[in-house]
Amino acid sequence: MNLAELNAVAEAMVAPGRGILAADESSGTIRKRFEAIGVEASEDTRRDYRELLLRTGEAMSKYISGVILYDETIWQKAKDGTPLVALIKQAGALPGIKVDEGAKPLPGCPGELITMGLDRLAERLPKYYDHGARFAKWRAVIDIGEGIPSDTAIRTNAHALARYAALCQAARIVPIVEPEVLMDGGHDMARCYEVTQFALKQTFHELYLQRVALEGIVLKPNMVVAGKKFSTRAPVAQVAEMTLRLLKACVPAAVPGIAFLSGGQSDEEATAHLDAMNRCGGLPWKLTFSYGRALQAAPQQAWRGRSENVATAQRAFAHRARMNSLAALGQWKMDLEKKAA
Ligand code: 5MM
C-alpha cells in the first residue's frame, strides 16, 4: 500500500469547495427514480441520464471532486463513443465505483441487513483500478425501529466495512466508508445520535483491527436528524451542533474528510446543514457532500427523459452542485436559492 498516494486521492476528494456526486444507484433504485419522472429504465436511458450529468461542465469542473458509479456505468460509453470515465477525468474529477453488492437479510436478526460483496472483491478491485477508478464505496444500512438495531447488525456491518476498506487500500483504491443510519422511522434526534455513535465507534474499532490507514479513507456518515415520521424537524443549528458533537467524539483527526450522505433530507436542508457545520470552523477534517438524491432530484425532475430538457436539467444540477460547494466552504445563503427559483 502506498499511503501517500491514497492520502493524496482522499484529500482531492474533499478539496475545498468540492464534493462527491453519488450517481451509483443500482438498477432497482434508478428504476424507482425513473418511474417517478415517467422514464422507462433501460441501459440506454440510464446512460443518457448519467451522460447528461457528467457533461454538465460547470458542475463537474468547479464543484465535483469525484463521481461514484455503478458497475454498469463504469464500463459504458457516451453516445459519441467517449467512455463515461473519460468524461469524468476530462472535467478534472475522479472516477469512483460502488463495489458492494447490496444489502441482504442478516440471519438471526429479523428486519436487519448485512451488506454483501466481500467474496471475489480482491479480484474485482484491480480491474476497476485499471479502468480508472481511484476510490470505491461500500454502504452499510442500519435501520432504527422497535428493538433494532441489534449489536449483531452493527458489529457485523462494521466488520464488513473494515474488510472492504482494507482490500481497497491493498489495491491502491481509497475506500469511502459509509455506515448509514436510516432516517426512515419515527425516532427522535437523541436516538439517531445514540445509534450513529455506536455504529461509528464500532466501525473505527474494526478499521483499526483490519489495519486500515485512516489517512487513506473518506467517511460517509448520516447527519444527526430525527426520523421522517417524527413529529417535528429540529432547527438547522441544532442538527449542526449535534452532528459535530458526535463526529468529534467518534472520528479520529487522521481522517482527511467526511462527505455526508443526504439520506432523504430535502435539497435545501442537506445544503443548510452542511453549511451550518462548516461555519463553525476549527474542525480537524474537511466536511463536504457525497449526495445522491440532494444533487439529483432537481435535474431528474427537469429532465423527465426528454432531450429538449437536457440543458434545463444541467442547469438544475449545476445549481445544486454550486449551492453545496458554497456549503462546503460555509458560504451558502438561503437568498441564493430564492434568486435561482
Ligand atoms: C445513489 O444511491 C446510492 C446507491 O443506492 P442503492 O445501492 O440502494 O441503489 C446510495 O448508496 C447513495 O450513495 C447514498 O445513500 C447517498 O445518497 P443520498 O441520496 O442518501 O444522498
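The largest nonpolar core holds 109 residues, and within this core Tyr-164 and Leu-287 touch the most other members. Helix α13, residues 310-328, gives the core its largest share, namely 8 residues. A second core, separate from that one, has 6 residues, including Ile-144, Ile-154, Val-195 and Ala-199. The model described here is predicted.

**Core packing around Leu-287**

- Apart from neighbours within four places in sequence, Leu-287 is in contact with Leu-244, Leu-247, Ile-258, Phe-260, Leu-274, Met-277, Asn-278 and Ala-328.
- One of these partners, Ala-328, carries the number at which helix α13 (residues 310-328) ends.

**Ligand surroundings**

- The ligand is surrounded by 17 residues, of which Ser-26, Thr-29, Lys-98, Lys-137 and Ser-262 come nearest.
- The side chain of Ser-26 has an N or O atom 2.6 Å from an oxygen atom of the ligand.
- Thr-29 places a polar side-chain atom 2.5 Å from a ligand oxygen atom.
- For Lys-220, the distance from a polar side-chain atom to an oxygen atom of the ligand is 3.2 Å.
- The ligand exposes 510 Å² when taken alone, and the protein buries 90% of that area.

**Ser-150 and its partners**

- Ser-150 is located in the loop that runs between β6 (135-142) and α8 (151-170).
- Ser-150 counts as buried because its relative accessibility is 17%, and the class covers values under 20%.
- Beyond the neighbours within four places in sequence, the contacts of Ser-150 are Cys-109 and Glu-112.
- The side chains of Ser-150 and Glu-112 are joined by a polar contact of 2.6 Å.
- Ser-150 and Glu-112 stand 38 residues apart in sequence, while their C-alpha atoms are 8.2 Å apart in space.
- A polar atom of the Ser-150 side chain also lies 3.0 Å from the backbone nitrogen of Ala-153.

**Asp-143 in the loop between β6 and α8**

- Asp-143 is likewise found in the loop between β6 and α8.
- With a relative accessibility of 27%, Asp-143 counts as partly exposed, since that class lies between 20% and 50%.
- Outside a window of four places in sequence, Asp-143 is in contact with Ile-148, Pro-149, Leu-182 and Asp-184.
- The C-alpha atoms of Asp-143 and His-159 are 17 Å apart, with a separation of 16 residues in sequence.

**Cysteines**

- The whole structure, when searched, shows 0 disulfides.
- Cys-250 takes part in no disulfide, and the nearest cysteine sulfur, belonging to Cys-192, is 12 Å away. A disulfide would require the two sulfur atoms to be within 2.5 Å, so this pair does not qualify.
- Cys-250 counts as buried, since its relative accessibility is 7% and the limit for that class is under 20%.
- Cys-109, a contact of Ser-150, is also buried, with a relative accessible area of 8%.

**Asn-309 ahead of helix α13**

- Asn-309 occupies a place in the loop between α12 (293-303) and α13.
- The Asn-309 side chain reaches the backbone oxygen of Trp-303 at 3.0 Å.
- Not counting residues up to four places away in sequence, Asn-309 touches Ala-302, Trp-303 and Arg-304.

Definitions and conventions
Residues numbered from 1 in each chain as written. Predicted model: local features only at pLDDT ≥ 70, side-chain atom pairs only at ≥ 80, totals over all residues. Heavy atoms only, no water. Helix = DSSP H or I, 4+ residues; strand = E, 2+ residues; numbered from the N terminus. Buried < 20%, exposed > 50% of the residue type's maximum accessible area, 1.4 Å probe, protein only. Contact = heavy atoms within 4.5 Å. Polar contact = N/O pair within 3.5 Å; in protein donor to acceptor, adjacent residues only side chain to side chain. Core = buried A, V, L, I, M, F, W, Y, C linked by side-chain atoms within 4.5 Å. Near = heavy atom within 4 Å. Areas by Shrake-Rupley, 256 points an atom, 1.4 Å probe, with all protein chains shown as cover.
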